[in-house]
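Please look through the sequence and the model below, and then follow the description from the ligand outwards to the sheets.

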Amino acid sequence: MSEVFRLEMENGMGIVTFDVPGDAMNTWTDEAFRSFDRLMGTLEERRGELKGILFISGKADNFFAGANLKMIADLENPEEVRRILDLFHGSFGRLKALGRPSLAAIHGFCLGGGLEFALACDARIAKEGKTTMIGLPECNVGLFPGGGGTQRLPRLIGYPAVELILRGTMLPAAKALELNIIDRLVPADGDLLKEAKAFLGEIIEGKADLKRPAHDFSDLDKVIEQTRQGAVKASRGRLLPAHRLALKSIQDGLKVSLEEGLEMEKANFVEVVMTPEAKGSINTFFLKTLTDKPKGMMSKGFAPKPLKKAAVLGFGTMGRGIVIDIVRNMQIPVVVKDIPAALDPGREFVRKILTGMEEKGRLKAPVDKLMSLIVTTDGWGPEFADVDLVVEAVFEDINVKRQVYEELSAVVPKNCIIASNTSSIPIASMARYVAEPGRFGGLHFFSPVWMMQLVEVVKGEQTSQETVDNLLNFAAAIRKRPIVCRDNAGFVVNALLFPMILETFRYIEEGNPIEKVDRAMTSFGMPVGPIRLTDEVGIDVPYKIFKGMGISQKTLENVVESGRLGLKKSGKGFFLKDGSVDPEVLPLIAKREPKERTVEEIQEGLMEAFVRTGKDLLDRKIVDDVRMIDVGMIWGVGFPADKGGPMKWADLTGMSKRLFGKNFYH
Ligand code: NAI
């Protein structure tokens with residue numbers, strides 16, 4: 001077995017190169033910990049000839065990307081966490097006890113446990129570069145820096161460390177130098193090893209000017225309190241365990257010696273790793289990684305159809321958004337078809353949004369250039385003869401869609417991929433109107449398209465796997481986060497949302513106040529409560545959907561029939577402009593047998609509604625992979641990321657086992 005950490009002696013300098021085998025990135029695996037431990041043994045033996053130690057990564061573009069999250073997510077008992085922490089901290093303690101200066105030479109990601117390693121060295125030098133990012137991002141995955149980061153970073157740079165840790169900020173090398181996290185900068189084309197050796201030489205000789213000011217922490221309690229309030233605000237009124245325990249570690253730890261502070265940090269870290277929020281957040285991290293690059297979701301060996309020209313049918317709310325995302329991300333020509341009166345307003349709208357993006361520096365090409373890619377038409381002219389992919393977003397009416405598909409099929413090439421953005425019409429029922437049903441599927445976007453990351457790729461009965469792969473490829477090209485599902489009323493996201501909304505109405509009909517039910521879900525972490533969501537979407541929307549499903553929801557019926565379609569839609573709904581519940585709506589709430597529910601019961605009941613539907617989607621093979629449901633709910637409706645998605649949260653809280661006898665994730 002080759003060692004992760006390898007030592008070479010050079011004129012009294014211990015040059016340690018590290019490289020975790022089998023991975024593009026160095027992360028702190030069990031193997032890496034043990035190898036570091038053995039290295040310390042060797043260094044202790046050779047202490048006599050040792051003047052200083054230099055650590056440098058053997059990877060081309062990566063120092064240490066932090067702890068191995070898979071390993072952390074799998075930790076089931078506190079003793080195991082404690083054992084790993086002791087190993088990690090113990091090695092750093094031995095490094096210090098050698099009594100020889102140590103230097104971390106950084107290129108590429110130096111994050112989390114990577115930066116904590118570098119902070120345990122006496123000095124740091126970093127090479128500038130696109131991937132040289134330095135920071136402690138653990139709070140973003142439901143953890144906090146538990147390898148000494150909450151103790152060493154504030155002691156090194158003072159108060160700015162508190163925000164950096166809570167926000168999980170990653171800094172380029174120059175910014176890290178400005179903040180005194182690193183001591184020296186090597187330009188991108190410089191020789192890091194050479195410069196590092198020279199720097200270590202200066203340190204050994206006592207000639208290096210290392211800035212190590214003593215920081216005044218007399219305002220610490222105030223700073224911690226301010227940061228705590230900021231964290232609560234950023235998490236919509238909740239103080240997440242990671243934030244709470246990070247702040248506690250800093251606040252308590254800076255009032256005692258470094259050694260005592262490290263012990264406090266360890267105890268808090270054991271606690272945070274065991275929280276379901278840590279495991280939920282890590283799950284979200286993996287869901288994000290899975291869907292960041294949809295290539296991994298496509299069939300092996302799949303060769304994507306080149307997309308050189310697209311078409312969008314319908315220049316309304318959705319069509320406009322889809323056009324924006326195609327031109328800004330792909331910069332290819334887009335033919336847009338609608339009635340003449342819709343064309344100019346559509347163009348103006350697209351220009352307005354693109355201009356806003358340009359002003360924020362978010363466009364890769366000038367607005368005029370992107371606008372020149374849009375060809376608008378009200379007919380089926382020759383511009384359709386060479387389109388590679390069409391997205392249909394016309395009225396939600398099967399007769400309109402039928403006509404559009406029949407006419408479209410006559411003008412596009414045979415191998416053209418066609419996708420419908422329908423929200424409720426089965427893909428299979430439209431497939432009969434296209435010439436090539438195998439090349440037809442669904443692409444269900446969310447509004448506003450250019451802001452919402454999610455898209456549902458729908459595989460109709462006849463949709464070929466190649467078409468699904470091509471739609472995933474298109475989704476990737478317009479920088480969407482796709483999930484794949486089969487034809488189903490409400491696909492995935494709306495299918496989960498509507499039973500939850502139905503359950504919500506039952507609670508208010510039982511006499512539970514609207515505010516209480518909504519607040520139960522916002523304090524759970526949802527961006528809006530279910531009643532407010534209904535009001536914002538338009539109260540008639542769920543009403544019609546339930547009606548279509550043969551479900552009569554009495555309260556919705558009363559509210560809609562009284563002309564209240566929602567505050568935005570018709571000026572009246574459940575809420576007044578000031579956000580309070582409109583008292584006029586209360587008599588419209590149908591009555592049921594009264595049943596008072598606690599906030600926890602409401603949260604539990606609505607979660608159960610999500611999870612029962614999710615289970616049904618899996619049983620009916622609407623989705624093949626439980627992760628598709630969780631991705632959909634996190635990026636489609638803002639299900640709290642720290643809970644890892646409804647299905648993962650059900651696993652973590654024991655709901656899955658209680659309801660179904662087993663977990664969804666293995
Ligand atoms: P919209 O009413 O804003 O736009 C539809 C556009 O289609 C109009 O500009 C209309 O003139 C045009 N159109 C009608 N017949 C046409 C034809 N024969 N040829 C070309 N254009 C024609 O509707 P919206 O909201 O954009 O919805 C479009 C589709 O997207 C529907 O299937 C809807 O269910 C679906 N959808 C809507 C979402 C939303 O939040 N609005 C979300 C996801 C899907």
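Helix H13 (317–330), helix H16 (398–411) and strand S16 (440–445) each supply at least two residues of the shell around the ligand, where helices (H or I, at least four residues) and strands (E, at least two) are DSSP runs numbered from the N terminus. The most is given by H16, with 3 residues. This is a predicted model, in which local features need pLDDT of at least 70 and side-chain atom pairs count only at pLDDT 80 or more, while totals for chains, interfaces and linings use all residues. Residues are numbered from 1 along each chain as its sequence is written, and side-chain values use heavy atoms, with hydrogens and water left out.

The ligand is surrounded by 21 residues, the closest being Met-318, Asp-338, Glu-396, Lys-401 and Ser-423; a residue is near a molecule if one of its heavy atoms lies within 4 Å of it. For Ser-423, a polar side-chain atom lies 2.6 Å from an oxygen atom of the ligand, and a backbone N or O atom of Val-394 is 3.4 Å from an oxygen atom of the ligand. An N or O atom in the side chain of Lys-337 lies 3.3 Å from a nitrogen atom of the ligand. On its own the ligand has 820 Å² of accessible area (Shrake-Rupley method, 1.4 Å probe), and the protein covers 77% of this.

The domain assignment, automatic or from a database, divides the protein chain into domain 1 (5–274), domain 2 (305–486) and domain 3 (493–602). Taken over C-alpha atoms, the centres of domain 2 and domain 3 are separated by 33 Å.

One open sheet has 8 strands in the order S13-S12-S11-S14-S15-S16-S17-S18, with mixed pairing; two strands pair if DSSP finds at least two bridges between them. Strand S13 (374–377) and strand S18 (481–486) each have a single partner strand, so these edge strands are left with one side lacking a neighbour in the sheet. Within this sheet, strand S11 (residues 310–313) pairs with strand S12 (residues 334–337) in the parallel sense over 4 bridges, and Ala-311 has Val-335 as its bridge partner in S12.

Another open sheet has 6 strands in the order S1-S2-S3-S5-S7-S10, again with mixed pairing. Its edges are strand S1 (5–10) and strand S10 (184–186), each with a single partner strand, so one side of each is without a neighbour in the sheet. Strand S5 (residues 102–106) and strand S7 (residues 123–127) run parallel and are joined by 4 bridges, with Ile-106 opposite Ala-126 in S7.

How values were computed:
Polar contact = N/O pair within 3.5 Å; in protein donor to acceptor, adjacent residues only side chain to side chain.
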